[in-house]
Amino acid sequence: MKKVAIVFVLIIIGIQFFSVNKTNPPVNEGLDAPPEIKGIFKRACYDCHSNETNWPWYASVAPVSWLVADDVEEGRKHLNFSEWGNLTRKKIAHTKEEIWDEVKNDDMPLWQYSLIHSKARLSQKDKELIREWTGQGEAE
Ligand code: HEC
């Protein structure tokens, strides 16, 4: 039993050498939206969907760091508010639709994120504001 524990500790120490790339690239043309909308996205989405990620301390500890970095990398790929100004009008319309789709169904923010970041949880009021801003149909 003791041997298992030692091996386990050694593995945990060993994987710390596989660090991840935690970068915040420059913000280009950021999101152009009313402050109350931007405020909601900043507290609920920006950690994964912008270049202004607040990297938490546990993002430095493997294997959690791998999961966090992966979410940010994937998140930025799908939607990056820091690149908003570079989107065409058509792409903006489409992205807004996608945003409402995710918010309406409670698919975003990711549940494991909301679990730790209570400020990221969206109230009915937040959702209503997002719905209006995205120009989508009535809440369901
Ligand atoms: C903890 C990280 C994280 C947070 C916080 C987060 N997202 Fe995401 N988001 C992701 C990841 C990872 C993906 C890509 C994989 C997926 O769709 O699950 C994604 C995908 C998306 C997509 C694209 C879906 C598609 O079909 O391509 C939209 C839109 C989106 N998120 C909106 C939001 C909004 C709006 C918020 C805040 C209310 C938010 N996300 C918060 C990680 C996050």
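Guide: A pocket is an open set of grid points where a 1.4 Å probe fits, with protein on both sides within 12 Å along at least five of seven lines. The model described here is a predicted one, and the second largest pocket in it holds about 300 Å³ of space.

Visitor: What makes a residue part of the lining of the second largest pocket, and which residues are closest to its centre?

Guide: A lining residue has an atom within 4 Å of a point of the pocket. Of the 15 residues that line the second largest pocket, Tyr58, Val68, Asp71, Gln112 and Tyr113 are the closest to its centre. The elements that contribute two or more residues to this lining are H3, H4 and helix H6 (111-116), and the largest share, five residues, comes from H4.

Visitor: How much space lies in the largest pocket, and which residues are the closest to its centre?

Guide: The largest pocket has about 450 Å³ of space. It is lined by 21 residues, of which His49, His78, Leu79, Glu102 and Met108 are the closest to the centre. Two or more lining residues come from each of helix H2 (35-44), helix H3 (46-49), helix H4 (64-78) and helix H5 (89-104), and H5 gives the largest share, with five residues.

Visitor: How do you know which residues of that lining are nonpolar, and how many are there?

Guide: Residues such as Leu and Met count as nonpolar, Glu counts as charged, and His, which is in neither list, counts as polar. Sorted in this way, the lining of the largest pocket has 13 nonpolar, four polar and four charged residues.

Visitor: Which space does the ligand take, and how do you know?

Guide: A molecule sits in a pocket if more than half of its atoms lie within 2 Å of the grid points of that pocket. The space that the ligand takes is the largest pocket, so the ligand meets this condition there. There are 17 residues around the ligand, and Cys45, Cys48, His49, His78 and Met108 come nearest. H3, H4 and H5 are the elements that give two or more residues to this shell, and H4 gives the most, with four residues.

Visitor: Why is the approach of histidine 49 to the ligand called a polar contact?

Guide: A polar side-chain atom of histidine 49 lies 2.8 Å from a nitrogen atom of the ligand. A polar contact is a pair of N or O atoms within 3.5 Å, and therefore the distance of 2.8 Å satisfies the cut-off.

Methods: Residues are numbered from 1 along each chain as its sequence is written. This is a predicted model: local features need pLDDT of at least 70, side-chain atom pairs count only at pLDDT 80 or more; totals for chains, interfaces and linings use all residues. Side-chain values use heavy atoms; hydrogens and water are left out. On a 1 Å grid over the protein atoms alone, a cavity is a set of points where a 1.4 Å probe fits but cannot get out, and a pocket is an open set with protein on both sides within 12 Å along at least five of seven lines; lining residues have an atom within 4 Å of a point. Grid points are joined across faces, edges and corners, and a volume is the space filled by probe spheres set on the points. A residue is near a molecule or strand if one of its heavy atoms lies within 4 Å of it. A polar contact is a pair of N or O atoms within 3.5 Å; within protein, one must be able to donate a hydrogen and the other to accept it, and residues adjacent in sequence count only if both atoms are side-chain atoms.
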